[in-house]
Amino acid sequence: MLLQTALRQKASALTALVTAVAIALTPFSSAHAQAKGPPVLRDTETEQLLREYTRPILRVAGLEKQNIQMVIINDGSFNAFVADGRRIFVNWGAILQSETPNQIIGVLAHETGHLAGGHLSKLREQLAAAQTQMIIAMLLGAGAIAAGSTRSSSGGNNGLANAGAAAISAPQEVIRRSLLSYQRQQEENADRAGVKFLTATQQSPKGMYETFKRFTSEGLFAARGADPYLQSHPMPAERVAALQEFASSSPYWNKKDDPALQLRHDMVRAKISAFMERPETVYRRYPQTNDSLPARYARAISTYLHGDLRSALAQIDALIQVQPNNPYFYEVRGQALLESGKPAEAVAPLRKAVALSNNAPLIEMLLGQALVGTDNKAYTDEAVRILRAAVAREPEAALGYTQLAMAYGRKGDYAEADLASAQAAYLRGDNKTARELATRAKTRFAVGTPGWVKADDIVAAKPPRN
């Protein structure tokens with residue numbers, strides 16, 4: 001189930017210079033500086049695979065107990081980054097373009113290197129120091145400008161004013177170069193840490209090298225002739241050469257990915273292609289002459305997305321015949337039926353998907369949606385139970401609360417329905433609606449009860465600052 005949602009983001013205000021440097025160091029912030037944050041994709045199959053990729057790396061990095069989350073960004077370019085110390089962000093384009101598990105694992109190992117090295121907190125310290133330096137420079141420069149202006153008005157020359165302007169502009173360039181140089185060193189350290197983690201988990205660092213080498217050959221880092229000191233990454237050739245030197249010394253350099261893992265990786269890439277790319281692109285990637293399981297998966301999903309439900313169901317059923325215990329085939333079957341206006345028929349395959357996926361909460365939300373969509377009151381209590389369990393494990397998924405509100409409404413429990421609707425609105429970033437619904441919910445709950453307290457928290461909550 002590929003769902004799009006919104007991720008909240010907080011940002012702090014800095015001086016103009018420090019803000020410019022921060023943007024240069026974190027393209028994510030400049031590209032998605034919106035109140036509701038960057039567009040995020042949710043999919044159980046993809047997230048599970050990414051968790052399995054990162055788990056051993058986080059363990060050897062000493063981060064296993066910190067509950068680092070994988071977040072998939074709705075962007076087709078190749079990128080991965082860390083931004084808050086708790087999450088690794090990966091564009092779906094990075095997954096799609098990684099031909100082997102080892103290639104994306106290498107990128108994730110590099111990002112784990114940033115987390116393990118505390119680079120984010122150290123960068124914040126550097127930015128804070130730069131801000132302080134900039135303020136001092138601006139104050140000194142402004143004083144010189146003011147003094148120069150006074151003398152000029154008295155008939156003197158404006159040399160002191162020009163010196164003041166220089167006192168402001170010169171430190172800006174020095175500070176910017178210093179920060180970018182610091183960032184380049186962080187990138188090199190993350191490369192080395194990533195190779196260390198991969199070697200400790202008996203995985204090849206070749207995928208990391210292949211990825212960065214491809215970036216260099218395609219010119220994705222920087223234009224030829226660019227000032228290397230103005231880049232937030234080392235010059236490609238230098239970085240790749242250094243990476244190859246210490247990565248190739250790993251005893252696991254030539255180790256291949258397990259075929260079963262490669263198949264799962266290819267299945268996820270096929271799924272992403274089917275959901276995120278145009279149908280003609282999907283069929284170019286996976287033509288009818290390609291009878292592999294990933295190709296059939298991609299074509300089945302693309303077929304249902306573009307209106308041919310009967311053919312799609314036949315293709316999905318053929319996939320189930322090959323892998324009868326694959327929960328994601330049943331999930332796709334249920335989702336196809338649900339989105340085609342057949343919620344009652346979607347219930348059975350989604351029940352199967354929930355059971356085979358060990359009650360994956362995102363799939364439980366789909367099942368709850370199907371149960372609610374049937375208009376069968378006999379399903380209402382089951383829908384409430386399933387959706388409550390789902391949002392308890394996925395408390396930031398607005399879909400679960402939306403469907404829970406509908407289920408409570410069917411039961412006539414309008415207090416809980418208002419509360420769930422308020423929670424859904426809050427997660428969508430619609431704070432005005434969230435407060436209105438929570439205020440109404442408070443009037444329906446007894447004062448001091450758990451529902452009243454949750455509603456009061458939403459009423460009192462301050463919206464995230466841009």
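Let's start with helix α15, whose buried residues are Pro 343, Ala 346, Val 347, Pro 349, Leu 350, Ala 353 and Val 354. Before we go on, please keep in mind that what you see on the screen is a predicted model.

So what lies over that buried side of α15? Among the elements that cover those residues are α14, residues 327–339, and α16, residues 361–373. Now look at Pro 349, which was in the buried list a moment ago. At Pro 349, helix α15 bends by about 30 degrees. We can also check the length of this helix. It has 14 residues, and at 1.5 Å a residue they should span 20 Å; the end C-alpha atoms are 20 Å apart, which agrees. Following α15 you will find Asn 358, and its phi is positive, near 60 degrees.

Let's stay with α15 and turn to charged residues. Side chains of opposite charge can pair when their charged atoms come close. How many salt bridges does the structure hold? There are 20 of them, and I'd like to walk you through a few.

Here is one that involves our helix: Glu 382 pairs with Arg 351, with 2.2 Å between the closest N and O atoms. Glu 382 sits in helix α17 and Arg 351 in α15, residues 343–356, so this salt bridge ties together parts that are 31 residues apart in sequence. Are the two partners buried or exposed? Glu 382 has a relative accessible area of 18%, and because the cut-off for buried is under 20%, it counts as buried. Arg 351, at 32% relative accessibility, is partly exposed.

Helix α17 has another example. The side chains of Asp 381 and Lys 411 meet in a salt bridge, at 2.8 Å from N to O. Asp 381 is in α17 and Lys 411 in α18, 30 residues apart, and the pair links distant parts of the chain. Lys 411 is partly exposed, with 42% relative accessible area. Some salt bridges also share partners: Asp 43, Glu 45, Lys 271 and Glu 331 are joined in this way into one network.

Next, please find Arg 42. Which residue does Arg 42 form a salt bridge with? The partner is Glu 394, and their closest N and O atoms are 2.8 Å apart. Arg 42 belongs to strand β2, residues 39–42, while Glu 394 is in the loop between α17 and α18, so the pair ties together parts 352 residues apart in sequence. Both of these residues are buried.

Two more residues, and then I'm done. Glu 187 is part of helix α7, which covers residues 159–200. With 5% relative accessibility, Glu 187 counts as buried. Its side chain makes a polar contact with the side chain of His 110, at 3.0 Å. Glu 187 and Gly 113 are 74 residues apart along the chain, yet their C-alpha atoms are separated by 8.8 Å.

Finally, go to helix α12, residues 293–305, and pick out Thr 303. This threonine is buried too, at 10% relative accessibility. A polar atom of the Thr 303 side chain lies 2.6 Å from the backbone oxygen of Arg 299. What does Thr 303 touch, leaving aside residues up to four places away in sequence? The list is Tyr 283, Asp 308, Ser 311, Ala 312 and Gln 315.

Thanks for listening, everyone!

Methods. Residues numbered from 1 in each chain as written. Predicted model: local features only at pLDDT ≥ 70, side-chain atom pairs only at ≥ 80, totals over all residues. Heavy atoms only, no water. Helix = DSSP H or I, 4+ residues; strand = E, 2+ residues; numbered from the N terminus. Buried < 20%, exposed > 50% of the residue type's maximum accessible area, 1.4 Å probe, protein only. Polar contact = N/O pair within 3.5 Å; in protein donor to acceptor, adjacent residues only side chain to side chain. Salt bridge = Lys/Arg side-chain N within 4 Å of Asp/Glu carboxyl O. Expected span 1.5 Å × (residues − 1). Bend = angle between axes of the 7 residues up to and from the residue. Contact = heavy atoms within 4.5 Å.
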